[in-house]
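Colleague: Got a minute to walk me through this one? Let's put it on screen.
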Number of protein chains: 2
Amino acid sequence: MIVIKDIQEMQQWSTARKKEGKTIGFVPTMGYLHSGHLSLVKAARSKSDVSVVSSFVNPTQFAPNEDYDRYPRDFDRDKNLLETLGNDVLFFPDRNAMYPLDYETFVVTEKMATLWEGKTRPTHFRGVCTVVTKLMMIVQPDKMHMGQKDIQQCAILRRMIIDLNIPVELVIEPIIREIDGLAMSSRNVYLNPEERKAALVLSHSIFLAEQLIQQGEKDAQVIIAKMKSLIESEPLARLDYIALMNMDNLEPVSVIKSPLAIALAVYIGIIRLIDNVIIR
Amino acid sequence: MIVIKDIQEMQQWSTARKKEGKTIGFVPTMGYLHSGHLSLVKAARSKSDVSVVSSFVNPTQFAPNEDYDRYPRDFDRDKNLLETLGNDVLFFPDRNAMYPLDYETFVVTEKMATLWEGKTRPTHFRGVCTVVTKLMMIVQPDKMHMGQKDIQQCAILRRMIIDLNIPVELVIEPIIREIDGLAMSSRNVYLNPEERKAALVLSHSIFLAEQLIQQGEKDAQVIIAKMKSLIESEPLARLDYIALMNMDNLEPVSVIKSPLAIALAVYIGIIRLIDNVIIR
């Protein structure tokens, strides 16, 4: 595996592969890789000729009060994991090269970025759209692989790629869960043992909603109310939002009709976690 | 020459040329071509293997009070002109294909878009950056050719291309002028004979400023004052702004030091015209 830090060098590597007629699979990450990331890398390797993983904790998607500085980082561990999987390139750019002092340009989605996660994190998706556009321009992939865990991010980036006519196929891979159901997240490392247990309230709420729909429940408000009371039964949990939403435009739905997504964000202590399921 | 209306077809044409190892030169236009545009097409043809010209009056760069509806259009004339030059593809997309009803995504530059032209036209550069990003993603050129006439546009797009790491080289071509000095513009067609004569006050001011600098004048305020009084001497003219600015960040300069740009916008009757010169 090659480690590339320089932006131009990464661009040249990709251009050279494309000239050879090779397809490029790309997995953008913020590092501190878990099994969810690794499943994306495996997908990239199996669906394209060569694979590139980027590791960049993107400052523009964190608000000043968020965890940019303490976001977990472990470059050597990530590098070893990716080497074991046979990944071709680890792209590890410098913050100042990605955002020089005179940086000016942002990619924004208007309405979709203001809903759900956007209410708590108003500048988050602007940062995500900007860095993912930059990374796509640098890596020039044929396919980009992302996890369904960040479902609003997936929907917004899909819209952005369509809107800007970016010639990249976005491939969404399923959520990878711990054996007890907790969705994998780099932020799970923040949880103490008691919080780790309480965090199961997220997946349990998601599974409850799925079950209610399977049993024929059609009223979104009924499902939300039952999820809410499950979350309220956990003393360490504080609900941020529950979304039953249209997958294309993220608008809330009132009557259950597939396809739709059920997503939620819950604080466990001070740690904010998310989870979701798509009902097809 | 092929005329392509469909976005996917354009993308496929470009991908096929790139697979053949051909370089693509691109000229984005809003149609109603004049000699300025044609000089860009000639540059594209001489510097790349194949050339693509887009013709699209971009609604997102016009404010509601501006001239989107009455902007001059003449597809057949443009097509004939481009055929004569041996241009390879004329890309002529549909407004609804470029901006479907659920369109969400915009590319913005923060500070540079608020200066000079941005004061009079606050949403203009957002529309320009967005459509040019889209066109670059569709046409996938190696080089994009633009005229120095829209100097702030050139500076902002150069910044955007660097910031977003877009693998396209922006090539700025000189202003083409009528025999009496008026900078070529599709909007010149709006001028009646009297206004056409009055419009010379733009190029005359620019030439005056150049002359003053050649004579050793170092004080930006002195140059601005002399340009201003020349413009005020023309009854049909109303000054919008005079900018003596740094070419990289568009900030005003107070002491003349090359490289810098001198730009101005003047209303002739209700028609707003621009002109500029770069002092190297």
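Colleague: Among contacts in chain A between residues at least 6 apart in sequence, what share join residues at least 24 apart?

Modeller: 69% of them. Two residues are in contact when their C-beta atoms, placed from the backbone, lie within 7 Å. Keep in mind that this is a predicted model, where local features need pLDDT of at least 70, side-chain atom pairs count only at pLDDT 80 or more, and totals for chains, interfaces and linings use all residues. Residues are numbered from 1 along each chain as its sequence is written, and chains are lettered from A and ligands numbered from 1 in the order written.

Colleague: OK, how many helices and strands are in chain A?

Modeller: 10 helices and 10 strands, taken as DSSP runs numbered from the N terminus (helices H or I, at least four residues; strands E, at least two). The C-alpha trace of chain A spans about 55 × 40 × 40 Å along its principal axes.

Colleague: Switching topic, how many residues does each chain put into the contact?

Modeller: Chain A gives 25 residues and chain B gives 25 residues. On the side of chain A that touches chain B, the elements giving two or more residues are α1 (7-19), β5 (105-109), α6 (124-139) and α7 (151-163) of chain A.

Colleague: And which gives the most?

Modeller: β5(A), with five residues.

Colleague: What does β5(A) pair with over there?

Modeller: Strand β5 (residues 105-109) of chain B, in the antiparallel sense over five bridges; strands pair if DSSP finds at least two bridges between them. In that pairing, A:Phe106 stands opposite B:Val108 in β5(B).
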